[in-house]
Amino acid sequence: MSQDDKKTAAARAALAYVEDGMRLGIGTGSTAEAFVRLLAEKVGDGINVTGVPTSERTARLCVELGVPLATLDEMPRLDLTVDGADEIDPQLNLTKGGGGALLREKIVAHASEMLVIIADDSKLVPALGAFPLPIEVNPFGLEATRQSIVDAYTELGQSGEVRLRVRDGQPFETDGGHLILDASFGHISDPKALSDALHAIPGVVEHGMFIGMATLAVVAGSDGVRTLEAPQAQNRAS
Ligand SMILES: O=C[C@H](O)[C@H](O)[C@H](O)COP(=O)(O)O
């Protein structure tokens with residue numbers, strides 16, 4: 001089974017959580033796009049849902065495929081968000097932001113009663129950190145913020161590097177007009193401590209660790225689709 005087939009299998013399995021009348025957060029990335037395509041088929045079959053997209057890219061695909069959309073301001077509480085991830089640890093803590101959408105993804109997930117993550121099994125890891133952590137930052141004082149991030153890791157006993165994300169020779173700009181710093185420091189031993197340290201840096205807008213936010217992960221491998229449950233999911237709207 002190809003990786004794309006696994007993504008589609010996970011996306012298809014997650015459709016089971018979508019019910020008529022739901023207010024849906026809709027994630028970003030290749031796996032989330034597989035979900036949008038399947039969701040659009042259900043909309044075509046008559047299911048009534050309204051989506052809040054987590055990126056301009058996802059919004060464009062939804063519009064193209066006829067998935068009804070609202071803004072988060074119009075619909076500030078959501079029943080369910082379905083999104084992808086770059087890493088999933090055994091507690092269902094996540095690394096997200098490989099596509100640069102982490103801030104809107106986190107805002108939408110936080111407004112959702114349930115967060116269902118869809119992924120192929122290559123995303124399962126024993127601990128977060130092999131994938132560089134995307135950190136969304138304000139452009140002002142970029143170098144000062146970069147150095148503060150290095151200091152935060154150093155104080156936690158980790159060494160590595162922080163690089164500005166570049167696309168087509170230009171700094172990558174998020175939908176919110178921010179920049180992304182990718183932090184490569186290896187396995188994160190204490191995600192909560194790192195999260196607190198990063199949030200204490202004024203230039204950091206948000207980071208891509210989603211700690212205790214996922215309700216379920218629907219993970220596809222060659223042997224089929226598994227549903228993993230979070231020990232306890234927090235930080236969600238009710
Ligand atoms: O910013 C992007 C998101 O966090 C994606 O959900 C994440 O990077 C996973 O993307 P993909 O499904 O393409 O691997």
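**Note on the predicted model: ligand shell, domains and sheets**

1. Start with the ligand. By class, its shell holds four nonpolar, 10 polar and four charged residues. The model is a predicted one, and the points below should be read with that in mind.

2. Which residues come nearest to the ligand? There are 18 residues around the ligand, and G29, T31, G84, G98 and G99 come nearest. Two helices are worth finding here. α2, residues 30-45, and α4, residues 102-110, each give at least two residues to the shell. The largest share is from α2, with three residues.

3. Next, the domains. Domain 1 is made of two stretches, 3-121 and 211-222, while domain 2 covers 133-203. Their C-alpha centres are 25 Å apart. Contact between the two involves 12 residues of domain 1 and 11 residues of domain 2. On the domain 1 side, α4 gives the largest share of the touching residues, namely three. That side comprises four nonpolar, six polar and two charged residues.

4. Now the six-stranded sheet. It is open, its pairing is mixed, and its strands follow the order β2-β1-β3-β6-β14-β15. Which strands stand at the edges? They are β2 (50-53) and β15 (224-229), and each pairs on one side only. From one strand to the next, the twist averages 20 degrees.

5. Two pairings in this sheet show what "mixed" means. β6 (residues 112-120) and β14 (residues 216-221) run parallel, with five bridges between them. Here V116 is placed opposite L216 of β14. β14 and β15, in contrast, pair in the antiparallel sense, over six bridges. V218 has T227 in β15 as its bridge partner. A hairpin of two residues links β14 to β15. As background, strands of a sheet pair through backbone hydrogen bonds, either parallel or antiparallel.

6. Helices pack on this sheet. α1, residues 3-14, lies across β3 (78-83), β6, β14 and β15. The direction of α1 is at about 155 degrees to β6. α4 also packs on the sheet, where it touches β1 (23-26), β2, β3 and β6. The angle between α4 and β3 is about 145 degrees.

7. α4 deserves a second look. This helix has come up at the ligand, at the side of domain 1 that touches domain 2 and on the sheet. How many of its nine residues are buried? Seven are, which leaves α4 mostly covered. The buried residues are L102, L103, R104, E105, K106, V108 and A109. The list includes R104, E105 and K106, whose residue types count as charged.

8. There is a second sheet, with three strands. It is open and antiparallel, in the order β4-β5-β13. Its edges are β4 (87-88) and β13 (209-210). Each of these has a single partner strand, so one side of each has no neighbour in the sheet. β4 is joined to β5 (residues 94-95) by two bridges, and the two run antiparallel. In this pair E87 stands opposite T95 of β5.

9. Is T71 buried or exposed? T71 is located in the loop between α3 (56-65) and β3. T71 counts as exposed because only 12 or fewer neighbours are allowed for that class, and T71 has 10 C-beta neighbours inside 10 Å. T71 and V52 are 19 residues apart in sequence, yet their C-alpha atoms are 5.7 Å apart in space.

10. Last, L228. This residue belongs to strand β15, one of the edge strands of the six-stranded sheet. L228 has 16 other C-beta atoms within 10 Å, so it is partly exposed. Beyond its neighbours within four places in sequence, L228 is in contact with L92, L216, A217 and V219. L216 was met above as the residue opposite V116. From L228 to R104 the separation is 124 residues in sequence and 24 Å in space, C-alpha to C-alpha. R104 is among the buried residues of α4.

Notes
Residues numbered from 1 in each chain as written. Predicted model: local features only at pLDDT ≥ 70, side-chain atom pairs only at ≥ 80, totals over all residues. Near = placed C-beta within 6 Å. Helix = DSSP H or I, 4+ residues; strand = E, 2+ residues; numbered from the N terminus. Domains from an automatic or database assignment. Contact = placed C-beta atoms within 7 Å. Pairing = 2+ DSSP bridges. Axes fitted to C-alpha atoms, helices over the stretch in contact; angles between N-to-C directions. Buried ≥ 20, exposed ≤ 12 C-beta atoms within 10 Å, placed from the backbone.
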